[in-house]
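Grab a pencil and open the viewer. Here are a few exercises on how helices and side chains meet, each with a worked solution.

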Amino acid sequence: MAKEMNFSLRSLLEKDKLKVDGSNFTDWLRALTIVLRREKKDYVLNTPVPAVPGTDAKAEDVAKYTKHHDDELDIQNLMIGIMGPELQRRFMDTSSYDICLQLKNMFQEQARVERFNVTKSLLSHKLAEGGSMGTHMLRMASDVEQLEKLGAVHAIVSNKIDFAV
């Protein structure tokens with residue numbers, strides 16, 4: 001009989017706390033999402049906690065509320081724990097759903113501008129006459145890697161744009 005392995009990916013999150021300037025927001029959110037998917041709790045980031053069930057509510061509704069509420073507290077504390085001190089103070093009494101919305105509003109524009117600038121750089125590379133193909137490819141690969149870090153390559157692949165050589 002196979003032995004079930006019980007392991008946590010949460011140690012991934014302790015390495016790089018969310019910085020107040022949001023410079024690592026995209027990587028931070030990706031790592032958080034990976035961990036929460038593993039724990040089957042990623043729904044908490046996208047769904048607010050439902051209203052407290054009334055006294056006449058079905059047992060099933062009470063159980064759903066209780067699970068969501070418990071997962072919310074766990075994820076809220078996790079998120080606050082993997083932020084820098086300024087962000088911790090700001091979000092101390094905020095639900096994980098609202099934290100996620102506010103952080104996206106704060107940092108998505110910054111990430112969008114960075115993706116635009118790196119894409120512009122990638123598309124403007126030209127091999128100089130007599131230049132080294134290896135150096136040219138390294139510069140392009142560096143931009144592609146940066147786009148991957150910013151989550152843009154996934155968007156390109158999902159839209160079926162192909163940069164095949």
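A salt bridge is a side-chain nitrogen of Lys or Arg within 4 Å of a carboxyl oxygen of Asp or Glu. Keep in mind that this is a predicted model.

**Exercise 1.** Work out how the side chains of Arg 30 and Asp 27 meet, and where the two residues lie.

*Solution.* Start with the distance: N to O, the pair comes out at 3.0 Å. The cut-off is 4 Å, so Arg 30 and Asp 27 form a salt bridge. Next, place them: both residues sit in helix α1, three residues apart, which is about one turn of the helix. And how many salt bridges does the structure hold? There are six.

**Exercise 2.** Describe how α1 packs on α5.

*Solution.* Two packed helices are described by the angle between their axes and the distance between the axes. For α1 (residues 25–38) and α5, the angle is about 135 degrees and the axes are 10 Å apart. That makes α1 oblique to α5. Now look at who touches whom: α1 brings Phe 25, Thr 26, Trp 28 and Leu 29, while α5 answers with Cys 100, Leu 103, Lys 104, Phe 107, Gln 108 and Ala 111. Sorted by class, this contact has seven nonpolar, two polar and one charged residues.

**Exercise 3.** Do the same for α3 and α5.

*Solution.* Helix α3 (residues 59–81) packs with helix α5 (residues 96–124) at about 40 degrees, their axes 9 Å apart. So α3 is oblique to α5. On the α3 side, the contact uses Glu 72, Ile 75, Gln 76, Met 79 and Ile 80; on the α5 side, Ser 96, Tyr 97, Ile 99 and Cys 100. The class tally for this contact is six nonpolar, two polar and one charged residues.

**Exercise 4.** Which residues form a nonpolar patch on the surface?

*Solution.* Pick out Leu 127, Met 133 and Met 137: together they have about 280 Å² of accessible area. To place one of them, Met 133 belongs to helix α6 (residues 133–149).

Methods:
Residues are numbered from 1 along each chain as its sequence is written. This is a predicted model: local features need pLDDT of at least 70, side-chain atom pairs count only at pLDDT 80 or more; totals for chains, interfaces and linings use all residues. Side-chain values use heavy atoms; hydrogens and water are left out. Axes are lines fitted to C-alpha atoms, for helices over the stretch in contact, and angles run from 0 to 180 degrees between N-to-C directions. Helices (H or I, at least four residues) and strands (E, at least two) are DSSP runs, numbered from the N terminus. Angles under 35 degrees count as roughly parallel, over 145 as roughly antiparallel, 65 to 115 as roughly perpendicular and the rest as oblique. Contact means heavy atoms within 4.5 Å. Ala, Val, Leu, Ile, Met, Phe, Trp, Tyr, Cys and Pro count as nonpolar, Asp, Glu, Lys and Arg as charged, and the others, Gly among them, as polar. Patches are made of residues with over 30% relative accessible area and no salt bridge: like charges are joined within 9 Å, nonpolar side chains (Val, Leu, Ile, Met, Phe, Trp, Tyr) within 5 Å. Accessible areas come from the Shrake-Rupley method with a 1.4 Å probe; for residues, only the protein chains shown count as cover.
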